[in-house]
Amino acid sequence: MKSLIEVNNLTKKYGNHEAVRNLSFRVEKGQIYGFLGPNGAGKSTTMNIITGYLCATEGTVTINGHDIFKEPEKAKENIGYLPELPPLYQDMTVLEYMKFVAELKKLEKSSRSDQISEAMEMTGVAEVSSRLIKNLSKGYRQRVGFAQAILGYPEIIILDEPTVGLDPKQIIEIRDLIKKLGENHTIILSSHILSEVSAVCDQILIMSKGQLVANDTPENLAMMLKGNHSISLLVNGGESGIYDVLKKLEQIQDFNVSARPDSALCQVSISLSEQSEEEIAGIEEAVFYALAAAKMPIHEMKTTHASLEDVFLELTSSDFNPEAADTEAAADIIETVEAAADTVEAAETAETVQTEEDDNHAGNL
């Protein structure tokens, strides 16, 4: 299958600091990708390079067969981008802003109105099309950002922290919108909310210190931490008696029994390694019958699996040292400066456009 995005040996340096280091991955059509990493991991830098906002020090990025550095216009035709701070012009109405974006994207005039209407309907902002953007709630402004990103039906939609600062109800609405968009688009979603990524993404990429440390499905990533899977029980019986029963079961290799204070119950934890779901069910059954035969009632039995949070912490954690802390801080400062530069550039562009419109209006008069 042809990849929509191919990133090969990508490196971005700021002086002696490598924000991204020898990064390679592919994005296939029709999936939702989650892009994770701690602050300073290089996520925003990578997304800015993929969308053509930044140049790379080394490496290549190909968007649907077009090199983003050699054929930027052709490559960008395939991308809809929603930055963490949506590029909205507050004194425009939603409809005026959408028409402005349609002109920037050079959409065909014959189909422009229909595409604008469909994008606004899909993102739920058609009902506020005549309102000034500055008077909208943050949730609606985020939806307007989504609408501009999908205008023109790009194959790839890149979302950088799309739910940051939203309330729980708005987060659910945006999450549902992402799932809906995923039916017809390939989506790359950057987020710090791991439960959100786990809920909507088919594939997860995890970065740490400028490098890709994982690229797999949420289920397969959880399997990477096999030692974190376990069967937990509360058993009514003596500590030594439970131990004697369980050590006779061949299916169990590692377990721990500890008495609860001021209670006749004992806490039992059975570690699982490479067992399949079927094998785990067999272990649970064997434990149940063995303890029942010994007249030691089980008050509770549950199987716990490693969560995405566990995987994330395992893959991105490291022993603290001053050099690492300075590196992450420097990366945070770089990303803040880049965001500020983008905001200033957007404001200058808006001012230029408004001045030209005023001049044209004056000329017509």
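The buried residues of helix 6 pack against strand 3 (32-36), helix 4 (109-123), helix 5 (138-150), strand 7 (156-160), strand 8 (186-190) and helix 7 (194-200), where contact means heavy atoms within 4.5 Å. Helices (H or I, at least four residues) and strands (E, at least two) are DSSP runs, numbered from the N terminus. This is a predicted model, in which local features need pLDDT of at least 70 and side-chain atom pairs count only at pLDDT 80 or more, while totals for chains, interfaces and linings use all residues. Residues are numbered from 1 along each chain as its sequence is written, and side-chain values use heavy atoms, with hydrogens and water left out.

**Helix 6**

Helix 6 covers residues 168-181, which makes 14 residues, and from its first C-alpha to its last it reaches 20 Å, close to the 20 Å expected at 1.5 Å a residue; the expected span is 1.5 Å times one less than the number of residues. Gln170, Ile171, Ile174, Leu177, Ile178 and Leu181 are buried in this helix, where buried means under 20% relative accessible area, exposed over 50%, and partly exposed in between (1.4 Å probe, protein chains only). Seen down the axis of helix 6, these buried residues fall within an arc of 125°, so they line one face of the helix; the arc is that of the directions from the helix axis to the C-beta atoms. On the other side of helix 6, Pro168 and Lys169 are exposed.

**The sheet of six strands**

An open sheet is formed by 6 strands in the order 6-7-8-3-9-10, and its pairing is mixed; two strands pair if DSSP finds at least two bridges between them. Strand 6 (79-82) and strand 10 (211-216) stand at the edges with a single partner strand each, so one side of each is left without a neighbour in the sheet. Strand 3 and strand 8 run parallel and are joined by 4 bridges, and the bridge partner of Ile32 in strand 8 is Ile187. Strand 9 (residues 203-208) pairs with strand 10 in the antiparallel sense over 5 bridges, with Met207 opposite Leu212 in strand 10. The hairpin of strand 9 and strand 10 has 2 residues between the strands, and Lys209 takes a positive phi near 55° there.

**The sheet of four strands**

Another open sheet has 4 strands in the order 12-13-11-14, with antiparallel pairing. Strand 12 (255-259) and strand 14 (298-304) are at its edges, each with a single partner strand, so one side of each is left without a neighbour in the sheet. Strand 12 is joined to strand 13 (residues 265-271) by 5 bridges, and the two run antiparallel; Val257 stands opposite Val268 in strand 13.

**Helices on the sheets**

The table gives the direction of each helix relative to one strand, with axes that are lines fitted to C-alpha atoms, for helices over the stretch in contact, and angles that run from 0 to 180 degrees between N-to-C directions.

| Helix | Strands touched | Angle |
|---|---|---|
| Helix 5 | strand 6, strand 7 | about 165° to strand 6 |
| Helix 6 | strand 3, strand 7, strand 8 | about 150° to strand 8 |
| Helix 9 (residues 239-246) | strand 11 (230-236), strand 12, strand 13 | about 165° with strand 12 |
| Helix 10 (residues 277-293) | strand 11, strand 13, strand 14 | about 165° to strand 14 |

**The chain as a whole**

The secondary structure of the protein chain comes to 12 helices and 14 strands, and buried residues make up 43% of its 365 residues.
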